[in-house]
Amino acid sequence: MKLIAAVDRNWAIGKGGQLLVRIPMDQKFFLQETLGKTVVMGRKTFEDLPGRQPLYGRTNVVLSRDPEFSPKGIRVARSLEEALTFLRGVPDDSIYIIGGESIYRMFLPYCSEAEITAVDYRYDGDRFFPDLDRDPMWRLTGESDEETYFDLTFTFRRYIRTAGVGEDKALNQKI
Ligand SMILES: NC(=O)c1ccc[n+]([C@@H]2O[C@H](COP(=O)([O-])OP(=O)(O)OC[C@H]3O[C@@H](n4cnc5c(N)ncnc54)[C@H](OP(=O)(O)O)[C@@H]3O)[C@@H](O)[C@H]2O)c1
């Protein structure tokens, strides 16, 4: 499974239930990566999608404990275990964990790659992605040239999990 996120210098990802910034080139990258795949998100991230509609052309899995929550066109998982049970039937490289913070943290041990858009700016965020630069299990293996969007600069980074994924997969099998 892969994580995909846009983070600021402090690994902030959102504030007040919304994204910190929308960068067209990043949105295009997100679309290219996830189209035709399975995307996994938390209920709050789903609520922030344009028109509260599922992402088109993708299987949308949304985690929520709320029994009343069952919008059309999405697969609701009431727990991590339920999500993992469903995802077991999906090829591992077709699964993208798309946020927010609670979902990134919960699925991190099951993921082997992370596609991170690193925005060189410090926002006043209230939600964060785990800092992969400080996590010895993860290694930065590639970074694009610097891109710009008005006065913002950003790069596309790829991180690979270097240790522990085998153990986590074993855990995955047990659930
Ligand atoms: N920069 C980026 O790339 C990016 C990407 C995505 C999101 N974001 C941002 O991240 C923020 C949202 O993150 P968040 O952590 O507040 O919310 P979230 O992870 O999107 O959603 C949290 C919700 O997911 C459900 N949930 C969590 N764990 C669960 C479990 N074990 N079983 C069942 N349901 C579970 C619960 O829904 P119920 O309350 O319905 O039970 C919970 O309230 C927003 O600001 C958003 O814009 C940023």
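Leu 3 sits across from Ile 97, a residue of strand E7. That match belongs to the pairing of E1 with E7 (residues 95-97), which is parallel and runs over two bridges. The model is a predicted one, with an average pLDDT of 94 for the protein and a score of at least 70 for 93% of the residues.

Strand E1 covers residues 2-7, and six of its six residues are buried. The side chains split between two directions: Lys 2, Ile 4 and Ala 6 point one way, while Leu 3, Ala 5 and Val 7 point the other way, and all of them are buried. E1 also pairs with strand E8 (residues 113-119), again in the parallel sense, this time over six bridges. Within that pairing, Ile 4 has Glu 115 as its bridge partner, and Ala 6 has Thr 117.

E8 is itself well covered: five of its seven residues are buried, so the rest of the structure largely encloses this strand. Besides E1, E8 is joined to strand E12 (residues 152-161) by seven bridges, and here the two strands run antiparallel. One of the matched pairs is Ala 114 with Tyr 159, the latter being in E12.

What does all this covering look like from the inside? In soluble globular proteins, nonpolar side chains tend to be buried together. Here the largest nonpolar core has 41 residues, and Ala 5, Val 7, Val 40, Ile 97 and Phe 107 are the ones that touch the most other members. E1 is the top contributor to this core, giving five residues. Ala 5 gives a feel for the packing: apart from neighbours within four places in sequence, Ala 5 is in contact with Ile 13, Gly 99, Tyr 104, Ile 116 and Phe 129.

A separate piece of sheet is built from three strands in the order E3-E2-E9, an open arrangement with antiparallel pairing. Strands E3 (18-19) and E9 (127-128) take the edges with a single partner strand each, so one side of each has no neighbour in the sheet. E2 (residues 12-15) and E9 are held in register by two bridges, in the antiparallel sense. Ala 12 has Phe 128 of E9 as its bridge partner.

Now for the ligand. Around the ligand there are 29 residues, and those that come nearest are Gly 14, Gly 42, Thr 45, Gly 99 and Gly 100. By class, this shell breaks down into 11 nonpolar, 10 polar and eight charged residues. Several elements chip in with at least two residues each, namely E1, E2, E3, strand E4 (38-42), helix H2 (43-47) and helix H4 (101-107). H4 makes the largest contribution, four residues.

Two of the glycines that come nearest to the ligand, Gly 99 and Gly 100, are also joined to each other by a cis peptide bond, with omega at about 0°. Gly 100 belongs to the loop that links E7 and H4.

Backbone oddities turn up elsewhere too. Arg 52 is not a glycine, yet its phi is positive, near 50°. This residue is in the loop between H2 and strand E5 (59-63). Is Arg 52 buried or exposed? Arg 52 has 9 other C-beta atoms within 10 Å, so it counts as exposed, the cut-off for that class being 12 or fewer. Phe 150 shows a positive phi as well, about 50°, although Phe 150 is not a glycine either. Its place is the loop between strand E11 (147-149) and E12. Phe 150 is exposed too, because 6 C-beta neighbours lie inside 10 Å.

Finally, a word on where to read the model with care. Over residues 168-175 the pLDDT stays under 50, and the model has six contacts beyond four places in sequence for this stretch.

Notes. Residues are numbered from 1 along each chain as its sequence is written. This is a predicted model: local features need pLDDT of at least 70, side-chain atom pairs count only at pLDDT 80 or more; totals for chains, interfaces and linings use all residues. A residue is buried if 20 or more other C-beta atoms lie within 10 Å of its own, exposed if 12 or fewer, and partly exposed in between; C-beta atoms are placed from the backbone. Two strands pair if DSSP finds at least two bridges between them. A residue is near a molecule or strand if its C-beta atom, placed from the backbone, lies within 6 Å of it. Ala, Val, Leu, Ile, Met, Phe, Trp, Tyr, Cys and Pro count as nonpolar, Asp, Glu, Lys and Arg as charged, and the others, Gly among them, as polar. A nonpolar core is a set of buried Ala, Val, Leu, Ile, Met, Phe, Trp, Tyr and Cys residues joined through C-beta atoms within 7 Å. Two residues are in contact if their C-beta atoms, placed from the backbone, lie within 7 Å. pLDDT is the predictor's confidence in each residue, from 0 to 100.
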